[in-house]
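Take a walk through this model, strand by strand. Start with how far to trust it, then move to the cores, the sheets and the odd backbone spots.

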Amino acid sequence: MNVHSEVRGIDGYPVVLPCTFSHPQHSQHSALQVLWRLGHGQEAIVLYHCTSRLGAPNCEPGPQQDQRYRLEGNPREHDLSLRINIVTLQDDGHYYCRVEVQGREHISFEDKMGTRLRVEAPPKIQTLLVEGSEQFGFTALCRVQGSPVPEVQWFGPDDLLEGSHTVPLAQGSRPRHLTVSRLRGVKPDQQYTCKATNLRGKDQASLHVLHPHSPVSFTSVPTTLLLLLSVALGAKVVLMVGMGVWMVQGQVLQEISSWRN
């Protein structure tokens with residue numbers, strides 16, 4: 001078996017995982033079965049399975065085969081390379097190819113080391129909010145997904161702010177490739193911007209913290225609650241008042257979650 005130890009892919013683009021094999025007693029008249037798995041052992045997931053029957057020109061997959069996966073190579077030419085269309089960060093992992101040669105003797109081959117697929121993606125800010133209270137102080141929180149792990153910086157109205165705490169979540173967490181950055185000592189009546197950067201691109205979003213006692217235009221909302229205005233560049237505006245969340249898009253105001261008592 002001959003595989004690449006590591007292959008890099010880009011989120012949103014196709015990628016090919018090379019895999020070839022050789023066998024001195026292989027006969028062109030033997031039937032072949034090809035199997036690709038994500039992971040190893042009991043937790044392995046079968047992603048692709050096809051059979052190349054005697055005299056058939058192609059390796060035929062099963063009726064339930066996910067169309068994102070297909071063979072790039074020809075098993076009759078000892079090429080088992082797998083193509084993944086439109087990879088995502090969730091495709092990141094170890095892949096293993098296996099071939100079974102069916103003849104007078106049933107022989108199978110599999111590379112135990114596998115191929116490590118590393119999927120890279122530009123940063124995407126998923127959450128931007130403020131936690132805390134007047135008594136214990138406020139902390140801004142920015143959740144970013146991206147690979148390689150993005151560098152996260154906080155900016156005030158004029159300058160880069162120091163004192164932020166950035167922690168990449170464990171690899172086994174869901175969703176994967178998530179980084180959380182917290183900025184302590186956030187003050188009302190100020191605007192803060194979270195900027196995330198890696199080799200694949202950048203993203204940023206800003207929030208404006210209003211004073212807890214600022215007047216609120218919604219008559220049903222107590223004026224003592226903290227208002228948070230989170231603006232994603234070129235996207236939509238989210239206005240959060242206490243536990244109620246409204247989405248402002250264009251001239252339309254839509255309630256997307258209700259109050260909790």
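This is a predicted model, and confidence varies along it. Among the elements of the protein, strand S23 (residues 252-257) has the lowest mean pLDDT, at 30. Strand S3 has the highest, at 97. Residues 215-261 have a pLDDT below 50. That stretch still makes 89 contacts in the model beyond near neighbours in sequence. Over the protein, the average pLDDT is 77. A score of at least 70 is reached by 72% of the residues.

Now turn to the interior. The largest nonpolar core holds 29 residues. Which of them have the most contacts inside this core? They are Trp36, Ile84, Tyr95 and Leu117. Several strands each supply at least two residues of the core. Among them are S3 (15-17), S5 (31-38), S6 (45-52) and S10 (93-102). S8 (69-71), S9 (82-84) and S12 (115-133) also contribute at that level.

Leu117 shows how such a residue is surrounded. Beyond residues up to four places away in sequence, Leu117 touches Val7, Arg8 and Gly9. Its contacts also include Val15, Leu17 and Ile84. Asp91, Asp92, Gly93 and Tyr95 complete the list. Ile84 and Tyr95 thus appear twice, as contacts of Leu117 and among the residues with the most contacts in the core.

There is a second, separate core as well. It has 17 residues, including Ile125, Phe138, Val152 and Ala196.

Next, follow strand S5. How many of its residues are buried? The count is 8 of 8. In a regular strand the side chains alternate between the two faces of the sheet. S5 can be read with that in mind. Ala31, Gln33, Leu35 and Arg37 point one way. Leu32, Val34, Trp36 and Leu38 point the other way. Both sets are buried. Trp36 is one of the residues with the most contacts in the largest core.

S5 has partners too. Strands of a sheet pair through backbone hydrogen bonds, either parallel or antiparallel. S5 and S10 pair in the antiparallel sense over 8 bridges. Leu38 has Tyr95 of S10 as its bridge partner. S5 also pairs with S6, again antiparallel, over 7 bridges. These two strands form a hairpin with 6 residues between them. Gly39 sits in the turn, with a positive phi of about 90 degrees.

Thr51 lies in S6. Gln33 stands opposite it. Is Thr51 buried or exposed? Its relative accessibility is 14%, so Thr51 counts as buried. Leaving aside neighbours within four places in sequence, Thr51 contacts Leu32, Gln33, Asn58, Cys59 and Glu60.

Another sheet is simple to trace. It is open, has 3 strands and runs in the order S3-S9-S8, with antiparallel pairing. S3 and S8 are the edge strands, each pairing on one side only. Neighbouring strands of this sheet are turned by 25 degrees against each other on average, direction ignored. S8 and S9 are joined by 3 bridges. In one of these pairings, Arg70 has Arg83 of S9 as its bridge partner.

Finally, look at the backbone exceptions. Most residues other than glycine have a negative phi, and most peptide bonds are trans. Ile86 departs from the phi rule, with a positive phi of about 55 degrees. Where does Ile86 lie? It is in the loop between S9 and S10. Ile86 counts as exposed because its relative accessibility is 53%.

Asp189 has a positive phi too, of about 65 degrees. This residue is in the loop between S17 (178-186) and S18 (190-198). With a relative accessible area of 45%, Asp189 is partly exposed.

The peptide bond between Ser147 and Pro148 is cis, with omega at about 0 degrees. Pro148 is in the loop between S13 (137-147) and S14 (151-155).

One more stop is Thr179, in strand S17. At 1% relative accessibility, Thr179 counts as buried. Thr179 and Pro123 are 56 residues apart in sequence. In space, their C-alpha atoms are 9.7 Å apart.

Conventions
Residues are numbered from 1 along each chain as its sequence is written. This is a predicted model: local features need pLDDT of at least 70, side-chain atom pairs count only at pLDDT 80 or more; totals for chains, interfaces and linings use all residues. Side-chain values use heavy atoms; hydrogens and water are left out. A nonpolar core is a set of buried Ala, Val, Leu, Ile, Met, Phe, Trp, Tyr and Cys residues joined through side-chain atoms within 4.5 Å. Buried means under 20% relative accessible area, exposed over 50%, partly exposed in between (1.4 Å probe, protein chains only). Helices (H or I, at least four residues) and strands (E, at least two) are DSSP runs, numbered from the N terminus. Contact means heavy atoms within 4.5 Å. Two strands pair if DSSP finds at least two bridges between them. Axes are lines fitted to C-alpha atoms, for helices over the stretch in contact, and angles run from 0 to 180 degrees between N-to-C directions. pLDDT is the predictor's confidence in each residue, from 0 to 100.
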